[in-house]
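The following paragraphs lead the reader through a structure, beginning with its aromatic rings and moving on to its ligands.

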Amino acid sequence: MARIGIIGSEGAMGHALAHVVAASGHELAGGIDRGGDPAGLADASDVLIDFSVPQALDANLHAAIGAGIPIVIGTTGLDTSHHDAIDNAARVVAVLQTGNTSLGVTLLAHLVREAAARLGPDWDIEILEMHHRRKVDAPSGTALLLGEAAAQGRGIDLAEQSERGRDGHTGARQEGAVGFASLRGGTVAGEHSVILAGEEERLILSHSAENRSIFARGAVRAAEWMLAREPGRYTMEEVLGLQ
Ligand SMILES: NC(=O)C1=CN([C@@H]2O[C@H](COP(=O)(O)OP(=O)(O)OC[C@H]3O[C@@H](n4cnc5c(N)ncnc54)[C@H](OP(=O)(O)O)[C@@H]3O)[C@@H](O)[C@H]2O)C=CC1
Ligand SMILES: O=C(O)C1=N[C@H](C(=O)O)C[C@H](O)C1
């Protein structure tokens with residue numbers, strides 16, 4: 001049994017996590033939100049799970065380092081400075097960051113990497129996502145991780161070869177780029193499709209989240225796995241034995 005501390009505990013994911021932790025046999029060490037004390041929470045926990053906001057990341061990493069415990073980060077909307085901070089923290093404690101903790105999306109990323117590698121650069125890759133009206137970041141963290149998987153399969157740098165936010169007279173599609181489109185509305189928990197569009201045929205790989213419990217279950221599974229890890233940066237593919 002582990003003591004699990006939740007960052008973002010009053011949010012939608014925080015509530016989903018509390019249910020899964022209660023059913024898991026682990027102990028809920030506590031939870032914090034805006035204005036809370038991550039260091040105090042970390043001192044009372046064996047592992048932290050963070051589903052909050054990018055602005056809280058530095059304090060959360062420092063708290064994990066101070067207490068010498070692993071941290072699972074599900075927060076999205078991270079930029080390169082956040083990823084640098086995660087890399088630095090991973091020299092001291094075990095850190096796992098992912099845009100999607102579900103089993104289905106983790107396997108989907110695997111399949112997308114494979115499809116992108118096998119289908120060659122004349123197959124255009126477009127990623128479409130839809131989420132609830134409250135979501136504040138776009139493209140979703142999942143869309144970006146699927147884009148990264150496609151880029152790895154293709155052997156390209158996603159930062160240099162992606163098309164986001166098309167509007168107006170955009171010109172023709174950039175050859176070899178990965179395109180992104182985001183829809184927002186209602187209460188959609190998470191819909192992602194990776195469309196590989198070739199000459200006169202399309203391959204579409206999709207995932208639908210029916211509710212947030214899939215993310216919460218994956219996060220708790222990751223937290224359990226992280227308890228025994230040395231300092232380093234880990235992935236959901238490693239947690240699920242896909243890598
Ligand atoms: N990786 C994955 O599988 C998934 C990732 N996510 C991501 O998780 C994040 C949270 O999503 P969701 O639960 O829907 O969002 P919510 O807005 O419902 O919840 C966010 C919570 O974080 C709290 N918060 C704000 N600032 C801080 C802070 N400085 N320190 C600690 N807590 C803070 C908020 O508190 P307050 O209201 O007081 O501001 C709120 O309770 C998003 O980035 C989302 O994209 C979501 C689902 C799955
Ligand atoms: O904000 C959400 O709700 C979700 N965020 C993650 C993302 O940005 O991909 C994961 C999931 O799709 C739900």
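One aromatic pair is found in a search of the whole structure, where rings of Phe, Tyr and Trp (its six-membered ring) pair if their centres lie within 6.5 Å, and planes under 30 degrees apart count as stacked, over 60 as edge-to-face and the rest as tilted. The partners are Trp225 and Tyr234, in an edge-to-face arrangement with 5.3 Å from centre to centre and 80 degrees between the planes. Tyr234 is buried, with a relative accessible area of 15%, whereas Trp225 is partly exposed at 23%; buried means under 20% relative accessible area, exposed over 50%, and partly exposed in between, with a 1.4 Å probe and protein chains only. Arg229 lies over the face of Trp225, 4.0 Å from the ring centre (a charge sits over a ring if NZ of Lys or CZ of Arg is within 6 Å of the ring centre and within 35 degrees of the ring normal).

This is a predicted model, in which local features need pLDDT of at least 70 and side-chain atom pairs count only at pLDDT 80 or more, while totals for chains, interfaces and linings use all residues. Residues are numbered from 1 along each chain as its sequence is written, chains are lettered from A and ligands numbered from 1 in the order in which they are written, and side-chain values use heavy atoms, with hydrogens and water left out.

Ligand 1 has 22 residues around it, of which Met13, Asp33, Arg34, Thr76 and Thr101 come nearest; a residue is near a molecule or strand if one of its heavy atoms lies within 4 Å of it. Oxygen atoms of ligand 1 take part in polar contacts (pairs of N or O atoms within 3.5 Å; within protein, one must be able to donate a hydrogen and the other to accept it, and residues adjacent in sequence count only if both atoms are side-chain atoms). An N or O atom in the side chain of Thr76 is 2.5 Å from an oxygen atom of ligand 1, and a polar backbone atom of Thr101 is 2.9 Å from an oxygen atom of this ligand.

Thr76 is also among the residues around ligand 2, as are His132, Gly141 and Thr142. Polar side-chain atoms of His132 and Thr142 lie 2.7 Å and 2.5 Å, respectively, from an oxygen atom of ligand 2, and a polar backbone atom of Gly141 is 2.8 Å from an oxygen atom of ligand 2.
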